[in-house]
Amino acid sequence: MDCKQLALLKEIMEISFCLVETNLYLDTHPTDERALRIHNTFAKKYDELTNRYRMKYGPLMPTSMSKCPWQWIESPWPWEIDYSKCD
Amino acid sequence: MWVYEKKLQYPVRVDTCNPALAAMILEQFGGADGELSAGIRYLTQRWHMPTNQAKGILTDIGTEELAHWEIIGTIVWKLVKDAKPEQIKGTPFEAHFVNHGKSPFPHNAAGYAWTATFIQSKEDPIADLHEDMAAEQKARATYEHLIRISDDPGVTDALRFLREREVVHFQRFGETLNIVQEYMDKKKYY
């Protein structure tokens, strides 16, 4: 995994974590409109980034479409990545 | 159902080859207050929850715990993957190694295998949510013990992240308990 791919993956990991936070908060504050606006902004960004990642580097989820051969198993698994190699 | 996302929740950095620390980190992989217990506990308690907020929070925190279990397994693996047998011999990881090699395995730091007796589900939302709040505090305490003994800066960084998640989860379970209590008071349900 080159530095550009790793940078995009880490950006997705960040936005995905923001979504976990808004998700849990909204579970117990379902009518908080400000939190919902933040969540929806993150959700849109997440869709954009994951689409860009999928087009360039292949799927992050097995439900995505794939070229031949099956792309899901091609990229490194999360525990195999050196996340600090480009710092 | 669940769908796997091919990414970690947090970018785990490991700076040392460190079988002794790996053996201690396993407390959170298969210990009573570890991430596996947390995930199975919350996902098991969902069926009888009376409000949508409670069903949501147990589903979503339970799911996040499985992501934390994956982070812990990754820390353990990265700490031992390059270790030669002579670097393992004489460390607390040696007993693990003779049975499992370098594979993470769900037992605690002392080698006691994970068991469902670590968790509980009572079909009583008040009892279960109190257990969940206690579980988050016990996991936070375990992370603090681990941070005190960690001599790997990258591992310490990931442990601090995971400790903070316990604090957030405790907060959310507390809010859920209030919501459920209010709901039951309204229903005059004993």
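**Two chains, and the reasons behind the labels**

Me: Where does Pro69(A) lie, and what makes the bond from Cys68(A) to Pro69(A) stand out?
Reply: Pro69(A) sits in the segment after H2 of chain A. Helices here are DSSP runs of H or I with at least four residues, strands are E runs of at least two, and both are numbered from the N terminus. The peptide bond from Cys68(A) to Pro69(A) is cis, with omega near -5 degrees. Most peptide bonds are trans.

Before we go on, a word about the model. It is predicted, so local features need pLDDT of at least 70 and side-chain atom pairs count only at pLDDT 80 or more, while totals for chains, interfaces and linings use all residues. Residues are numbered from 1 along each chain as its sequence is written, with chains lettered from A and ligands numbered from 1 in the order in which they are written.

Me: Why is Lys44(A) called exposed?
Reply: Lys44(A), in helix H2 (residues 33-57) of chain A, has 11 C-beta neighbours inside 10 Å. The scale counts other C-beta atoms, placed from the backbone, within 10 Å of a residue's own: 20 or more is buried, 12 or fewer is exposed, and in between is partly exposed. With 11, Lys44(A) therefore counts as exposed.

Me: And what makes Ser16(A) partly exposed?
Reply: Ser16(A) belongs to helix H1 of chain A and has 18 C-beta neighbours inside 10 Å, so it takes the middle label, partly exposed. Its C-alpha atom is 6.7 Å from that of Tyr46(A), although the two are 30 residues apart along the chain.

Me: How do you know that H1(A) is roughly antiparallel to H2(A)?
Reply: The axes of H1 (residues 3-28) and H2(A) come within 9 Å and cross at roughly 150 degrees. Axes are lines fitted to C-alpha atoms, for helices over the stretch in contact, and angles run from 0 to 180 degrees between N-to-C directions. Under 35 degrees is roughly parallel, over 145 roughly antiparallel, 65 to 115 roughly perpendicular, and the rest oblique. The angle of this pair therefore makes H1(A) and H2(A) roughly antiparallel.
The crossing is left-handed, meaning that the near helix is turned anticlockwise from the far one by less than a right angle (clockwise would be right-handed). The contact of H1(A) with H2(A) has 17 nonpolar, five polar and three charged residues. Nonpolar covers Ala, Val, Leu, Ile, Met, Phe, Trp, Tyr, Cys and Pro; charged covers Asp, Glu, Lys and Arg; the others, Gly among them, are polar.

Me: Why are H1(A) and H8(B) called roughly parallel?
Reply: H1(A) and helix H8 (residues 153-187) of chain B pack at about 20 degrees, with axes 9 Å apart, so they count as roughly parallel. This crossing is left-handed too. Leu24(A), Asp27(A) and Thr28(A) of H1(A) meet Val168(B), Arg172(B), Glu175(B), Thr176(B) and Ile179(B) of H8(B); a contact means C-beta atoms, placed from the backbone, within 7 Å. By class, that contact has three nonpolar, two polar and three charged residues.

Me: How many residues does each chain bring to the whole contact?
Reply: Chain A gives 21 residues and chain B gives 25. On the chain A side, 14 are nonpolar, five polar and two charged.

Me: What makes Glu35(B), Glu65(B), His68(B), Glu136(B) and His169(B) a group?
Reply: UniProt annotates them as "binding site" in an unreviewed entry. They span 135 residues in sequence, yet no two of their C-alpha atoms are more than 13.0 Å apart, so they gather at one spot. UniProt positions follow the numbering used here, feature names are shortened, and annotations may be inferred rather than shown by experiment.

Me: Why do Glu35(B) and His169(B) count as buried?
Reply: Glu35(B) has 25 C-beta neighbours inside 10 Å, so it is buried. His169(B) has 26 other C-beta atoms within 10 Å and is therefore buried as well. Leaving out residues up to four places away in sequence, His169(B) touches Ile61(B) and Glu136(B).

Me: What does Asp60(B) touch?
Reply: Asp60(B), which also carries a "binding site" annotation in the unreviewed UniProt entry, touches Asn23(A), Leu24(A) and Asp27(A), not counting residues up to four places away in sequence. With 18 other C-beta atoms within 10 Å, Asp60(B) is partly exposed.

Conventions: Two residues are in contact if their C-beta atoms, placed from the backbone, lie within 7 Å.
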